[in-house]
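Reader: Got a minute to go through this one with me? Put the structure up first.

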Amino acid sequence: MGSLKATIPTDSRSNLEQFLFDRLLDQSQPIHERFRALFSLRNLKGPGPRNALIHATRDSSNLLAHEAAFALGQMQDAEAIPALEAVLNDLSLHPIVRHEAAEALGAIGLESIVPLLKNSLTGDPAQEVRETCELALKRIEEMNATTSTVDGSSVAEKSPFLSVDPAAPASLSSSVDELRGFLLDEKRGMYERYGALFALRNHGGDGAVSAIVDSLAANSALLKHEVAYVLGQLQNKAASAALCRILRNANEHPMVRHEAAEALGSIADEKSVALLEEFSKDPEPLVAQSCEVALSMLEFERSGKSFEYLFMQDPLAQA
């Protein structure tokens, strides 16, 4: 699909944005409907969608709030920096939301962000947030050292999966076995392990997927959640059994279980779908809501419709 901004008439864009804004923040709506609005706003971009997503970072649903922060990072909108800083510094918010704010700041990547991240690197009580700040600082350092400048704008290498990743992939000249060793080595720094993870993802193949699956046994919840996210991007059924074990494990960190649920929705084999239906009633809201959203996305995809773009057809008729 082409640019949404170009395909929506100017006189209807403000009505569309208002509809999506209202749907996003309406807590009486099912969580999957609110997610559809969130994804649509992310793809629209601009000040209206940005402000709607900023509001959503304070939502009572930690899943929705963290996804809004993630979306702001993927949009790489520097105007969102003050709001993301406020989220990162607000210790009353769930660690998964603060973590995503830190990752979003790293994705935006301006040097002015460095002091903000350094403050939380030492001051945040949650390990996953501190580790995210470490990653984001390293990403900014590496990006500013390796990017070129065109018309004053920083140009970084694009991911083949169209995502703004929290670390640059390690060199693909490394073998799968070498990358596997880096990823599984608990003594290596988090940025280096992330780099190995994304290099394995980009490499593809059975050996790479096997190495990524094995890293679900890592000590770091942050790394494991990213591993599950990557397995969702790869949509390889060989990962299904390991992701099912993660989702079933009530003692696993909620951010890892939530990401496993979303990855299972992407893989979408029969066993995965049955498990998502079972755990859509999980007592942990991050997990239950992730299962609900994954099932809804899958339903739309199987019907041949796009989960987010359905709103773009005639949104006011669906109010």
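Author: Here we cover the overall fold, then two helix pairs.
Author: This is a predicted model, where local features need pLDDT of at least 70, side-chain atom pairs count only at pLDDT 80 or more, and totals for chains, interfaces and linings use all residues. Residues are numbered from 1 along each chain as its sequence is written, and side-chain values use heavy atoms, leaving out hydrogens and water.

Reader: What does the secondary structure of the protein chain come to?
Author: 17 helices and two strands. Helices (H or I, at least four residues) and strands (E, at least two) are DSSP runs, numbered from the N terminus.

Reader: How much of the chain is buried?
Author: Buried residues are 52% of the 319. Buried means under 20% relative accessible area, with a 1.4 Å probe and protein chains only.

Reader: Now α15 and α17. At what angle do the axes cross?
Author: Roughly 10°, and the axes come within 8 Å. Axes are lines fitted to C-alpha atoms, for helices over the stretch in contact, and angles run from 0 to 180 degrees between N-to-C directions. The two helices are therefore roughly parallel, a term for angles under 35 degrees.

Reader: Which residues of α15 meet α17?
Author: Pro254, Arg257, His258, Ala261, Glu262 and Gly265. Their partners in α17 include Leu286 and Leu298. Contact means heavy atoms within 4.5 Å.

Reader: And how do α11 and α12 pack?
Author: At about 145°, with axes 8 Å apart. Leu197, Leu200 and Arg201 in α11 meet Ala208, Ala211 and Ile212 in α12.

Notes. Angles under 35 degrees count as roughly parallel, over 145 as roughly antiparallel, 65 to 115 as roughly perpendicular and the rest as oblique. Buried means under 20% relative accessible area, exposed over 50%, partly exposed in between (1.4 Å probe, protein chains only).
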